[in-house]
Amino acid sequence: MARFYLLILGLANVLVSCLASPAPRSPLYTVPKTQPKNAATLDPTPVGASFEFFMWPSYMTNISLALPCIDHFNKLFHRKMPVRIGGTTQDRATYDPDFDGYVSYSVNDPLEAPMNLTYGPKFFDLIIFEYWKLPAAVSPWRETQEGADAADWAQDFVNHWKKPLPILAGGGYAVPFEIVPEWPNLPYLINTAYNQTIKDATKFYNGHLYSLKNVTDNSLNVEMAHQRTVSDLNMLPISSAKSVNRPYVLGETGFHSGDYTMDATFGSAIQTVDKTLHGLTLGIQRIFYHQGTIDQAFFNWWWSDRVNAPFYGGYFAALAVEGGDSISASDDGTDSYAQYVVYKKGKPIKVILVNTDYYSGSGSRPTTKFTMTGLKNGHVEALRMTGPSSESLVPRLQTDPSLEPSIGGQYFSNNNCSLRGHKRPEKFTIQKHQLTISLAASEALIVYL
């Protein structure tokens with residue numbers, strides 16, 4: 001009898017949950033005919049890659065996918081993709097001018113990050129893009145200790161460097177919300193620790209962002225939602241950097257800082273698109289997606305043998321903003337649906353729609369109709385990013401294209417990161433100055449105006 005009672009109670013809870021859940025709405029957005037005042041300026045290279053310090057030589061010498069995947073961004077931006085090298089292993093690294101290798105460390109497990117490592121001049125031979133060194137205080141961190149150490153380091157650098165200035169990166173060294181008391185933060189550096197000399201020498205300020213709120217390995221439906229992404233990004237101290245007329249850069253980000261399988265899924269790719277575009281609308285100059293320990297970190301854009309799903313999200317976001325000079329968000333961030341508009345010389349050139357609804361892969365896939373108004377009548381083309389489900393992973397053996405994520409019908413080769421398949425833009429007709437397009441759960445679309 002007790003078992004039967006629990007079964008009925010469980011069924012009742014499911015029914016109540018279904019009845020209480022609001023039906024998906026059909027979002028309606030107006031596309032401004034001219035760039036709104038709150039549109040954010042776009043940097044020419046707003047999407048970059050971050051590499052864990054001790055892994056950098058291995059990425060450049062052992063991982064054949066890294067450079068050809070980066071080259072897609074080089075060609076798209078018509079300039080080198082920005083790269084940041086850093087992370088916690090940089091804090092523990094010692095420079096030895098007499099060391100003849102790239103980096104030296106000892107670990108019990110090849111997937112383990114070293115607690116101590118040495119690097120020498122040869123390490124810099126591999127740096128073909130952009131690099132900065134951030135000081136870090138000894139644990140336990142406190143804002144007074146961290147701020148003083150950062151200011152001392154910066155002042156000493158300025159004294160020796162002289163010019164050209166500005167050159168420094170002012171760092172917020174952790175996620176933007178408090179984990180332990182007195183966690184160091186960017187506003188403290190700007191408002192208290194840094195003097196005017198250091199502020200003048202600082203080229204930009206940066207922080208990190210990983211989602212850390214009550215994460216479980218089976219919570220992709222919650223973690224990929226547009227509302228969660230907007231909430232996380234709103235905690236960044238972008239306004240602090242702007243208050244001293246400096247850009248804010250997201251120097252390191254990924255889906256989560258822990259090892260969650262969901263970070264390698266197609267749902268993570270959707271979240272990457274949404275995080276990138278919404279972050280840029282808030283005024284973030286550049287967003288660097290972290291490549292951690294090789295073949296371990298699930299948010300990595302590539303492993304040694306495959307191009308992971310999050311890479312699709314990063315590349316799709318770059319496609320979305322390429323050629324534009326500003327961007328704005330049309331939605332209020334309170335549901336699963338997003339619209340972004342990219343402008344060039346004050347006129348809209350692209351509309352990006354993102355449906356962050358979750359789809360497990362079982363049963364019928366929900367669809368949502370997005371309606372855009374204020375458009376010029378005529379024909380337009382669009383590129384869709386889609387995948388089999390939110391939970392899909394990129395298969396190692398690419399024998400069936402229907403199992404792959406795709407952008408406009410194309411997918412990336414696990415052998416050399418080249419695009420496979422034929423590009424298939426979708427065609428739509430704008431009538432009465434509006435256009436309605438259906439997006440399935442976990443899809444994104446670029447409409448070229």
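**Exercise 1. Is Q227 buried, exposed or partly exposed?**

Solution. The model is predicted.
Step 1: find the residue. Q227 sits in helix α9, residues 226-233.
Step 2: read its accessibility. Q227 has 30% relative accessibility. Buried means under 20% and exposed means over 50%, so a value in between is partly exposed. Q227 therefore counts as partly exposed.
Step 3: list its distant partners. Leaving out residues up to four places away in sequence, Q227 touches G333, T334, D335 and S336.
Step 4: compare sequence and space for one of them. Q227 and D335 are 108 residues apart in sequence, yet their C-alpha atoms are 5.8 Å apart.

**Exercise 2. Describe the chain as a whole, and state where confidence in the model drops.**

Solution.
Step 1: count the elements. The chain has twelve helices and 22 strands.
Step 2: take burial and surface. Of the 449 residues, 53% are buried. The exposed area is about 20300 Å², with 53% of it from carbon and sulfur atoms.
Step 3: look at contact range. Take contacts between residues at least 6 apart in sequence: 74% of them join residues at least 24 apart.
Step 4: check confidence. The average pLDDT is 89, and 89% of the residues score at least 70. Residues 1-23 fall below 50, and this stretch has zero contacts beyond near neighbours in sequence. Residues 129-133 also have a pLDDT below 50, but that stretch has 26 such contacts in the model.

**Exercise 3. Which residues have the most contacts inside the largest nonpolar core?**

Solution.
Step 1: recall the general trend. In soluble globular proteins, nonpolar side chains tend to be buried together.
Step 2: name the core. The largest nonpolar core holds 90 residues, and W302 and F311 have the most contacts inside it. Helix α12, residues 309-321, gives the most to this core: ten residues.
Step 3: map the neighbours of F311. Beyond four places in sequence, F311 touches C69, H72, F73, W301, W302, F412 and C417.
Step 4: look for a separate core. Another one, of 19 residues, lies apart, and V341, V351, V380 and L439 are among its members.

**Exercise 4. Trace what surrounds T253 and helix α6.**

Solution.
Step 1: place T253. This residue is in strand β10. T253 is buried because its relative accessible area is 0%.
Step 2: find a polar partner. The T253 side chain makes a polar contact with the K275 side chain at 2.9 Å.
Step 3: list the contacts. Beyond four places in sequence, T253 touches L209, Y210, K275, I287, F288, Y289 and H290.
Step 4: turn to α6, residues 186-193. Its buried residues are L186, Y188, L189 and I190. Their cover includes α5, β8, α7, β9, α10 and β10.

**Exercise 5. Which strands stand at the edges of the sheet β5-β7-β6?**

Solution.
Step 1: set the order. The three strands form an open sheet, β5-β7-β6, with mixed pairing.
Step 2: find the edges. β5 (93-95) and β6 (103-104) each have a single partner strand, so one side of each lacks a neighbour in the sheet.
Step 3: check one pairing. β6 and β7 (117-119) run antiparallel, joined by two bridges. S104 stands opposite T118.
Step 4: repeat for β12, residues 326-329. Two bridges join β12 to β2 (40-41) in antiparallel fashion, with A40 opposite I327. Four bridges join β12 to β13 (337-344), also antiparallel, and S326 faces Y343 there.

**Exercise 6. Pick out unusual backbone geometry.**

Solution.
Step 1: set the expectation. Most residues other than glycine have a negative phi, and most peptide bonds are trans.
Step 2: find cis bonds. One joins K163 and P164, with omega about 0 degrees. Another joins L165 and P166, also with omega about 0 degrees. P164 is in the loop between α5 and β8, and P166 lies in that loop too.
Step 3: find positive phi values. C417 has a phi of about 70 degrees. H433 has a phi near 65 degrees.
Step 4: place both. C417 is in the loop between β18 and β19, and H433 is in the loop between β20 and β21.
Step 5: set their burial side by side. C417 is buried, at 0% relative accessible area. H433 is partly exposed, at 44% relative accessibility.

Technical notes
Residues numbered from 1 in each chain as written. Predicted model: local features only at pLDDT ≥ 70, side-chain atom pairs only at ≥ 80, totals over all residues. Heavy atoms only, no water. Buried < 20%, exposed > 50% of the residue type's maximum accessible area, 1.4 Å probe, protein only. Contact = heavy atoms within 4.5 Å. Areas by Shrake-Rupley, 256 points an atom, 1.4 Å probe, with all protein chains shown as cover. Core = buried A, V, L, I, M, F, W, Y, C linked by side-chain atoms within 4.5 Å. Polar contact = N/O pair within 3.5 Å; in protein donor to acceptor, adjacent residues only side chain to side chain. Pairing = 2+ DSSP bridges. pLDDT = per-residue confidence, 0-100.
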